[in-house]
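Here is a quick walk through one structure, picking out a few spots worth a look. Keep the viewer open and follow along.

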Amino acid sequence: MYNHSEYQMILPEDFFLPFGGKLNRHNRWVKLAYLIPWWKAEDEYKEQLKDLTQGAHAYSVRMALGALIIKERLGTSDEETVEQITENPYLQYLLGLPEFQEKPPFHSSTLTHFRKRISSEMIQKVNEWIVQEASKSSDDDDNNEPPNNDNPLDEASKKRSSADQKTGEEPRYHQGKLLIDATCAPVEIAYPTDLKLLNESREKLEKMIDTLHATLPSKQKKPRTYRKTARKAYLSLAKQKKPGKQKLRKGIKKQLNYVKRDLGHIHNLVEQTGLTPLNKRQYRDLLVIQELHRQQRQMFQSKSHRIEDRIVSISQPHVRPIVRGKVRTNVEFGAKLSLVMKDGWAFLDNLQWDAYHEGTDLKRAILTYKARFGYYPEAVLADKIYLTRENRRFCKDLGIRLSGPRLGRPPKQENKEQKRMAYQDACERNAIEGKFGEGKRIYGLGLIRARLKETSETTIALQILNLNISKALRDLYSFLLIVFAMQHGNKVGNLDY
């Protein structure tokens, strides 16, 4: 059942405090409550609910989404987030409570249900709404201005605009710069090795054998698993700092045989008892271990360490190794995401768990830019990996300047204007690198602690949302400084910070 309404918000002065006083209007959490269009998010939230008229009362979208935003902005655990909400009246106001209460509004385990119910697509829509509302006035002013056809870089755009008028199509205006880059959001898993994964699989299978055998008559003998011998063989290699290749290969072969033996025992026991004695997690692990054993067996026989859709975690089988080629971490384990930026606003363009070539994201990013703002970008600032022939041709047809060196041999005499423009593009492209650093160092994008695929995607989308929320709060603070300076007849630069 859902009977909340987010079309009316209580004022900070109306929030009841039992110990006296009133909330400060200029508090960051109060400002944040007015940044998010809760009434729009409520319409999306209702679609996720099964029945709006029957059952227990569901938590409001402001309670659910606000709690997730608080958790990611503070970087706390689920339990600590509930404690912070219980102790802070400003956080309770953000969640839509009418008055301060000392009792926790929900249990810490409810945050997991919030992450399942609020999808990453819904959070991306909220992100779009916040950016549209924050940049609405500036966009209206820019749209009223005619395109700058005096710029020689827009010569191709001028020709295409005249051609569009002849064909009756809408003229293509170019405005702003699109920044695009990709990164990896690593998840919290132990560094996977073949030996460690096989040993973990063997231990889980042994517990399944114990569970299945417990349902049989007491006279039937339990299958032999040689668990002590297998454990001893694993530790003899795991305790060595740098075991040789032959020793490691021999140890992996032993663990593969142990896992194969245990899978055979489970198959025989399931024919007698069925799968009902196993719980959901054990059944899920059994399916993952069967595929893991197949992959490890195939890599062992082919003497290779690569295979399609390689499983690196039994508890999180959706995680894939992402080769980044960085100095510190050559391989990261998590989701690969593509981020686009315009005027400091960040948008999640693509999110996949499998490794992909980020150069394929450029076309979609440009078309999404057109659909989002109503015009094409003047220039696209991207890394060298995006400078494919197909992308160059696509940008040239649309009159978009693509940063980076031209194809072919470099000219003998370097053009100073092109050199200056390349340097300026490199400086402006640093903004998206800084945005990655902000998300990973401050908002937890550098380590995703959610375990499910859906909740991990929701967490990643929340990090991007928090980046734009922080920018909106900074812009609002700068606006208040300007208003304060105008009221006092001083320049902002002369204010004492």
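On the surface of this predicted model, Leu 275, Tyr 283 and Leu 287 come together as a nonpolar patch, with about 260 Å² of accessible area together. To find Leu 275, go to the loop between helix H12 (245-273) and helix H13 (280-302). Leu 275 has a relative accessible area of 35%, so it counts as partly exposed.

Staying around H12, have a look at Gln 272, which sits in that helix. With 47% relative accessibility, Gln 272 is also partly exposed. Leaving out residues up to four places away in sequence, Gln 272 touches Leu 216 and Gln 220. With Gln 220 there is a polar contact, side chain to side chain, at 3.2 Å. Gln 272 can also be set against Leu 212: the two are 60 residues apart in sequence, yet their C-alpha atoms are 9.2 Å apart in space.

Gln 220 turns up again in the surroundings of His 213. His 213 belongs to helix H10 (residues 194-214). Is His 213 buried or exposed? Its relative accessible area is 14%, so His 213 is buried. Setting aside residues up to four places away in sequence, His 213 touches Gln 220, Lys 221, Lys 222, Pro 223 and Leu 269. One of these, Lys 222, offers its backbone nitrogen to the picture: the His 213 side chain reaches that atom at 3.3 Å.

Now for the strands. Strand S1 (residues 177-186) has 9 of its 10 residues buried, so S1 is largely enclosed by the rest of the structure. Which strands does S1 pair with? One is strand S5 (residues 379-381), which runs parallel to S1 and is joined to it by 3 bridges. In that pairing, Leu 179 stands opposite Leu 381. Another is strand S3 (residues 331-342), and here the pairing is antiparallel, over 8 bridges. For a landmark in the S1 and S3 pairing, take Ala 185, which is opposite Ala 335.

Next, the charged pairs. The structure has 30 salt bridges, and here are some to click on.

| Salt bridge | N to O distance |
|---|---|
| Arg 320 and Asp 309 | 3.9 Å |
| Lys 336 and Glu 358 | 2.7 Å |
| Arg 429 and Glu 433 | 3.6 Å |

Take Arg 320 and Asp 309, which form a salt bridge at 3.9 Å. This pair links distant parts of the chain, with Arg 320 in strand S2 (residues 320-323) and Asp 309 in the loop between H13 and S2, 11 residues apart. Arg 320 is buried at 14% relative accessibility, whereas Asp 309 is partly exposed at 42%.

The salt bridge between the side chains of Lys 336 and Glu 358, at 2.7 Å, is another link between distant parts of the chain. Lys 336 is in strand S3, while Glu 358 is in the loop between strand S4 (345-352) and helix H14 (361-373), 22 residues apart. Where do these two stand on burial, buried or exposed? Both Lys 336 and Glu 358 are buried.

Arg 429 and Glu 433 make their salt bridge at 3.6 Å. Both lie in helix H16 (residues 416-441), 4 residues apart, which is about one turn of the helix. Arg 429 counts as buried, at 17% relative accessibility, and Glu 433 is partly exposed, at 36%. Elsewhere, Lys 71, Glu 72, Asp 78 and Arg 115 are joined into one network by salt bridges that share partners.

One last stop is Thr 86, placed in helix H4 (residues 78-87). Thr 86 has a relative accessibility of 14%, so it counts as buried. A polar atom of the Thr 86 side chain lies 2.7 Å from the backbone oxygen of Val 82. Apart from neighbours within four places in sequence, Thr 86 is in contact with Gln 92, Phe 100, Gln 101, Glu 102, Lys 103, Pro 104 and Pro 105.

Definitions and conventions: Residues are numbered from 1 along each chain as its sequence is written. This is a predicted model: local features need pLDDT of at least 70, side-chain atom pairs count only at pLDDT 80 or more; totals for chains, interfaces and linings use all residues. Side-chain values use heavy atoms; hydrogens and water are left out. Patches are made of residues with over 30% relative accessible area and no salt bridge: like charges are joined within 9 Å, nonpolar side chains (Val, Leu, Ile, Met, Phe, Trp, Tyr) within 5 Å. Accessible areas come from the Shrake-Rupley method with a 1.4 Å probe; for residues, only the protein chains shown count as cover. A salt bridge is a side-chain nitrogen of Lys or Arg within 4 Å of a carboxyl oxygen of Asp or Glu. Helices (H or I, at least four residues) and strands (E, at least two) are DSSP runs, numbered from the N terminus. Buried means under 20% relative accessible area, exposed over 50%, partly exposed in between (1.4 Å probe, protein chains only). Two strands pair if DSSP finds at least two bridges between them. A polar contact is a pair of N or O atoms within 3.5 Å; within protein, one must be able to donate a hydrogen and the other to accept it, and residues adjacent in sequence count only if both atoms are side-chain atoms. Contact means heavy atoms within 4.5 Å.
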